[in-house]
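Subject: Structure for you to look at, with notes

Dear colleague,

I am passing on a structure that will be new to you, and I would be glad if you kept it open while you read. My notes on it follow below.

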Amino acid sequence: MSEAMQYDVVVLGAGPVGENVADRARAAGLRTAVVESELVGGECSYWACMPSKALLRPAIARAEARKLPGLSESVRGPLDAAAVLARRDEFTSHWKDDGQVGWIDGIGADIYRGHGRLDGPKKVVVKGPDGTERVLTARHAVAVCTGTRAVVPDLPGVAGAKPWTSREATSSQHVPGRLVVVGGGVVGVEMATAWQALGSRVTLLIRGGGLLPKMESFAGELVADALTEAGATIRYGVSVASVERDGGTGPVTVVLDGGERVEADEILFATGRAPRSEDIGLESVGLRPGSWLTVDDSCLVEGSDWLYAVGDVNHRALLTHQGKYQARIAGAAIAARAAGVPLLETDRWGAHAATADHAAVPQVVFTDPEVASVGLTLAEAEAAGHRVRAVDYEIGSVAGASLYGDGYTGRARMIVDLDREILRGVTFAGPGVGEMLHSATIAVVGEVPIDRLWHAVPAYPTISEIWLRLLETYRG
């Protein structure tokens, strides 16, 4: 017999996105339930953002220290891999979620362990680990916050080879002697950077002609140069035809499309993500299982007045911080609709519109060098029909960069809308640029006029003086 419970809001998925939807709903006084089939805290806490950056930080710190006379000779040796992995384990709470469960309890939401599936409008059935079922009904909203999973291509031999995905790459307890990374996107380059620094001999297999293809081309070029200098091998224009691994253990052989064979100890497929929506009952509400869920700017699923899809599962911007931003927007919209308050639908940057998802998405790639971008690339701006100009400057020419480290190499680009005299996008590539990104995000989101930016004086001598140099270059 199923136990039935009624709530105002039911949230499917207790990652950062689901946690934030629940927090906003509870802050509005709505009775809220959260359903989670794995660890409370989700992908970001245990297999993505936190463990990957814990692995990368020592690698980046060492690379930067090696550019400082007086310090460089002290950091010539290898990283202490065991210590790096142990620190990574601390950041994942050793894959235990007690602290995050306590946080949900603290906001007054109810947590249900088990697999949740929609069973018609505003109804979720939760099958617990012990096989018991509970029926949760929602007076106002169900929010799907189930995120995404890694995609492994269906190639001969792949299943039996037990390849790494992002989960294994961020949680491995050993350093493979040889690691093949398939894919040159963010996950591929970050994990190549981390494991190369920890002692692996890394080979990147790239189908296209460059790394980080969704960003300005110079960013991928700088990262490729640094990876090559660190000892990694990058192969462009190649594809994997099959994978061989006897019994799923021991060395793995990667067969390329031209017949060449590459041997390694592990292979990581960093080849994209798919929505975790294949088994959550979408068919019961007229939607296709396994599909991305299309939403409006309040994250309400198209054609529904009660179903929300928040975070990666809606395919708007597959980044933790954007998912949390969407959660704040969706939570506010759910609360407003529950209270019968009109939504601020006419305000492009209002409390109920996730406008940044398509106008000003910030992202940092934690490689050596770092890459940080917000808004549109030059190609994206031109494709959108804007009349724009790209303004470039070598970051290493700024005094603060010279002080940061000898031989500082980096580049900055701002995309200026020539009709409105505002910025459409900004990209930085270079050591330490990640912490400069928020200034660019404010400029893009705030649509700050170029003439006003001229009065935002950067402190000397900091790397942020790059802003002055970009503006001077634009003004001629």
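Helix α9 is a good place to begin, since α9 gives 6 residues to the lining of the second largest pocket, the largest share from any element. Please keep in mind throughout that this is a predicted model.

The second largest pocket has a volume of about 620 Å³, and its lining is made up of 20 residues, of which Ala63, Ala226, Glu229, Ala230 and Asp368 lie nearest its centre. The elements that contribute two or more residues to that lining are α3, α8 and α9. Sorted by class, the lining of this pocket holds 9 nonpolar, 4 polar and 7 charged residues.

Asp368, one of the residues nearest the centre of that pocket, is also joined to Pro369 by a cis peptide bond, for which omega is about 0 degrees. Pro369 is placed in the loop between β17 (362-365) and β18 (371-375). A cis peptide bond is also found from Tyr460 to Pro461, where omega is near -5 degrees, and Pro461 belongs to the loop that runs between α15 (450-453) and α16.

Turning to enclosed space, a search of the whole structure finds 1 cavity of 30 Å³ or more, and the volume of the largest cavity is about 30 Å³. The residues that line the largest cavity are Glu64, Lys67, Tyr404, Gly405, Tyr408 and Pro431, and by class they divide into 3 nonpolar, 1 polar and 2 charged residues.

What about the nonpolar interior? In soluble globular proteins, nonpolar side chains tend to be buried together. Here the largest nonpolar core has 37 residues, and those with the most contacts inside it are Trp195, Val202, Leu204, Leu211, Leu227 and Val371. The elements that supply two or more residues to this core are α3 (49-65), α4 (81-91), β8 (178-182), α8 (186-197), β9 (201-206) and α9 (217-230). Another core, of 30 residues, lies apart from the largest one, and includes Val391, Ala401, Phe428 and Ile466. If you would like one residue with which to explore the largest core, Leu227 may serve: leaving aside its neighbours within four places in sequence, Leu227 is in contact with Ala192, Thr193, Leu204, Leu211, Ala232 and Ile234.

Several residues in loops may also repay a look. Ser291 sits in the loop between β15 (273-275) and β16 (307-309), and Ser291 counts as buried because its relative accessibility is 8%, where buried means under 20%. A polar atom of the Ser291 side chain lies 2.6 Å from the backbone oxygen of Arg288, and, not counting residues up to four places away in sequence, Ser291 touches Pro275, Ser277 and Leu282.

His352 is found in the loop between α10 (320-339) and α11 (356-359), and with a relative accessible area of 12% His352 is likewise buried. Again not counting residues up to four places away in sequence, His352 touches Asp297, Ser298, Ile329, Ala332, Ala333, Ala336, Pro342, Leu343 and Leu344.

Two further histidines are listed here for their backbone angles. His94, in the loop between α4 and α5 (98-107), has a phi near 55 degrees, a positive value in a residue other than glycine, and at 43% relative accessibility His94 counts as partly exposed. His315, in the loop between β16 and α10, has a positive phi of about 65 degrees although it is not a glycine, and His315 is partly exposed, with a relative accessible area of 44%.

Finally, Glu472 lies in helix α16 (residues 466-475) and is partly exposed, at 34% relative accessibility. The side chains of Glu472 and Arg469 are joined by a polar contact of 2.8 Å. Between the C-alpha atoms of Glu472 and Arg62, which are 410 residues apart along the chain, the separation is 34 Å.

With best wishes

Notes: Residues are numbered from 1 along each chain as its sequence is written. This is a predicted model: local features need pLDDT of at least 70, side-chain atom pairs count only at pLDDT 80 or more; totals for chains, interfaces and linings use all residues. Side-chain values use heavy atoms; hydrogens and water are left out. Helices (H or I, at least four residues) and strands (E, at least two) are DSSP runs, numbered from the N terminus. Buried means under 20% relative accessible area, exposed over 50%, partly exposed in between (1.4 Å probe, protein chains only). A polar contact is a pair of N or O atoms within 3.5 Å; within protein, one must be able to donate a hydrogen and the other to accept it, and residues adjacent in sequence count only if both atoms are side-chain atoms. On a 1 Å grid over the protein atoms alone, a cavity is a set of points where a 1.4 Å probe fits but cannot get out, and a pocket is an open set with protein on both sides within 12 Å along at least five of seven lines; lining residues have an atom within 4 Å of a point. Grid points are joined across faces, edges and corners, and a volume is the space filled by probe spheres set on the points. Ala, Val, Leu, Ile, Met, Phe, Trp, Tyr, Cys and Pro count as nonpolar, Asp, Glu, Lys and Arg as charged, and the others, Gly among them, as polar. Contact means heavy atoms within 4.5 Å. A nonpolar core is a set of buried Ala, Val, Leu, Ile, Met, Phe, Trp, Tyr and Cys residues joined through side-chain atoms within 4.5 Å.
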